[in-house]
Amino acid sequence: MSPESKKLFNILILGVSFMFIFTAFQTCGNIAQTVITNLNNTDFHGSGYTSMSVIYGVFSASNLISPSIVAIIGPQLSMVISGVFYSLYIAVFIQPSTWAFYTASVFIGVAAAVLWTAQGNCLTVNSDENTIGRNSGIFWALLQSSLFFGNLYIYFAWQGKTHISESDRRTVFIALTVISLVGTVLFFLIRRQEDTKTPGEEDSANEIQGDSLSSQSKMMRAVAAFKKSIKLSFTKEILLLSVTTAYTGLELTFFSGVYGTCIGAVNRFGNEEKSLIGLSGIFIGVGEILGGGIFGLVSKNNRFGRNPVVMLGIIVHFIAFYLIFFNMPSDAPIAPMEGTDNSAYMIPSPSVLQLHISTATTSFCSGNS
C-alpha cells in the first residue's frame with residue numbers, strides 16, 4: 001500500500017470509528033433524561049442534565065492537559081482508552097446507580113478532551129496542504145451520520161410507547177455499548193505514520209522517533225504541550241472565538257440533551273411521543289449532513305467569505321428557536337414520568353416539530369461551517 005493510500009485508509013478508519021462511538025454516545029445523550037425519568041428504581045437520584053454539565057465542564061478544563069496526555073501515550077492509544085470510557089458511561093444505564101453515573105461523567109469528560117486532541121493529531125499527520133480539505137470532509141461526513149443511525153433505531157424501537165420499561169432500557173443501552181466498543185476496537189486498525197508527531201513535539205535531529213522515545217523525552221514533550229496550550233488560550237484569536245464557542249456549546253447542549261427530553265414529555269403528541277425523540281435525532285443527523293455540505297460549498301465559492309454563511313445561520317437559528325418557544329410547554333424539560341398535558345402558544349404537533357427540527361439542525365451546521 002502506497003503512503004497516500006495508507007493515509008486515506010487511516011482517515012476512513014478514523015471517521016468510521018468516530019461514527020460508531022458517537023452513534024452510541026449522541027443517541028445516549030438524546031434519550032438519557034427521558035430514560036432516567038422513567039426509571040422505577042427509587043435508589044437512583046441522578047439527572048441527565050447534571051451529568052451533561054459535569055461532562056462538558058470537565059471536558060473544558062481537561063483540554064489544557066489533554067495535549068500532554070496524548071504526547072506521553074500517543075494518539076492511537078489515547079483514542080482507544082477514551083473509547084473505553086465512552087463505552088463505560090453508556091453501559092452505566094444498563095443497571096444505573098447514582099455514584100457510577102456521576103463518576104463515569106467525570107471520566108468521560110477527561111476522555112472527550114483526550115479523544116478530540118488525538119483525533120486532531122491523527123487527522124493532521126495523515127494529511128498535507130493538498131488533502132486536508134478532502135480528509136476533513138470525509139471525517140465530518142462520517143461523524144455527522146452518527147445521529148441518523150442511532151436515532152433511527154430509537155424511532156422504530158420506541159414506536160407506540162408512552163413508558164420506557166426496564167427491558168426497553170437494557171436492550172437499547174446494551175446495543176449502544178456494543179456499538180461504542182466496536183468503534184473503539186477499530187482504532188487499532190489505524191496504521192502508524194513514520195512522521196507522526198504528537199502535540200508538543202518539535203523537529204530535532206537528535207530526537208528519537210516511535211516507541212523508542214525515552215521517558216524523559218516524552219515528559220519534555222508533555223510539558224511543552226501544556227505550555228503551548230496555556231499560551232494559546234490567551235491569544236487574541238482564541239479570546240475572540242471563545243464568545244462564539246460558548247454560544248455553540250449552549251446550542252449543542254440544547255439540541256443533544258434538552259430538546260429530545262422536551263419532545264418525550266409532551267403528552268399531546270400521543271402514543272408516538274417517545275419515538276419522536278428518535279425522529280428528532282434523525283432530522284438532526286440529516287440536517288448536519290446536508291447543512292454542512294451545502295454551506296461548506298457556498299462558503300468556498302462565495303467571494304464574500306464565511307460572513308454571509310454565519311449570518312444566515314444566525315437568522316435560521318432565530319426562526320428555529322422561535323418555533324420551539326411557541327411549540328414546547330415551559331415545563332417540558334422537567335416534566336415527571338407521566339409527562340405534561342400543558343401546551344405553549346400553539347397546540348404541539350409532529351408537523352411543526354419536524355419543521356423546526358430541520359430548521360435548527362441546518363442552521364447548526366451553517367454556524368459550524
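## A buried glutamate between two helices

Glu273 is buried, since its relative accessible area is 4%, where buried means under 20% relative accessible area, exposed over 50%, and partly exposed in between (1.4 Å probe, protein chains only). Glu273 sits in the loop between α10 (236-265) and α11 (275-301); helices such as these (H or I, at least four residues) and strands (E, at least two) are DSSP runs, numbered from the N terminus. Leaving out residues up to four places away in sequence, Glu273 touches Lys161, Thr162, Ile263, Gly264, Val266 and Asn267, a contact being heavy atoms within 4.5 Å. One of these residues, Lys161, is 112 residues from Glu273 in sequence, while the two C-alpha atoms are 7.6 Å apart in space.

## Basis of the model

This is a predicted model, in which local features need pLDDT of at least 70 and side-chain atom pairs count only at pLDDT 80 or more, whereas totals for chains, interfaces and linings use all residues. Residues are numbered from 1 along each chain as its sequence is written, and side-chain values use heavy atoms, with hydrogens and water left out.

## The chain as a whole

The chain holds 13 helices and zero strands. Of its 369 residues, 47% count as buried, and among contacts between residues at least 6 apart in sequence, 82% join residues at least 24 apart. The accessible surface of the chain comes to about 17800 Å², of which 67% belongs to carbon and sulfur atoms; accessible areas come from the Shrake-Rupley method with a 1.4 Å probe, and for residues only the protein chains shown count as cover.

## Helix α1 and the serines beside it

Helix α1 covers residues 3-37, and at 1.5 Å a residue its 35 residues should span 51 Å, which agrees with the 51 Å between its end C-alpha atoms; the expected span is 1.5 Å times one less than the number of residues. Helix α1 also bends by about 50° at Ile31, the bend being the angle between axes fitted to the seven residues ending at a residue and the seven starting there.

Two serines touch Met19. Ser145 lies in the loop between α6 (132-144) and α7 (146-157), and counts as buried because its relative accessibility is 10%; beyond its neighbours up to four places away in sequence, Ser145 touches Met19 and Ile289. Ser146 lies in helix α7 and is buried, with a relative accessible area of 1%. With the same neighbours in sequence left out, Ser146 touches Met19, Phe22, Thr23 and Gln26.

## Helix α8 and its salt bridge

The 21 residues of α8 should span 30 Å at 1.5 Å a residue, and the end C-alpha atoms of α8 are indeed 30 Å apart. Its buried residues include Val172, Phe173, Leu176, Thr177 and Ser180, and the buried residues of α8 pack against α1, α4 and α7. Thr177, placed in helix α8 (residues 166-186), counts as buried because its relative accessibility is 10%. Leaving aside neighbours within four places in sequence, Thr177 is in contact with Ser87, Ile90, Ala91 and Ile94. The C-alpha atoms of Thr177 and Val84 are separated by 9.7 Å, although their positions lie 93 residues apart along the chain.

A search of the whole structure finds one salt bridge, meaning a side-chain nitrogen of Lys or Arg within 4 Å of a carboxyl oxygen of Asp or Glu. The side chains of Arg170 and Glu166 meet in this salt bridge (2.8 Å, N to O), and both residues lie in helix α8, four residues apart, which is about one turn of the helix. An α-helix has 3.6 residues a turn, so residues three or four places apart point the same way. Arg170 counts as partly exposed at 31% relative accessibility, and Glu166 is likewise partly exposed, with a relative accessible area of 41%.

## A nonpolar patch on the surface

Ile72, Ile73, Leu77, Ile81, Met219 and Val223 make a nonpolar surface patch of about 460 Å². The elements that give two or more residues to this patch are α3 (66-73), α4 (75-91) and α9 (215-233). Patches are made of residues with over 30% relative accessible area and no salt bridge, like charges being joined within 9 Å and nonpolar side chains (Val, Leu, Ile, Met, Phe, Trp, Tyr) within 5 Å. Among the patch residues, Leu77 lies in helix α4 and counts as partly exposed, because its relative accessibility is 42%.
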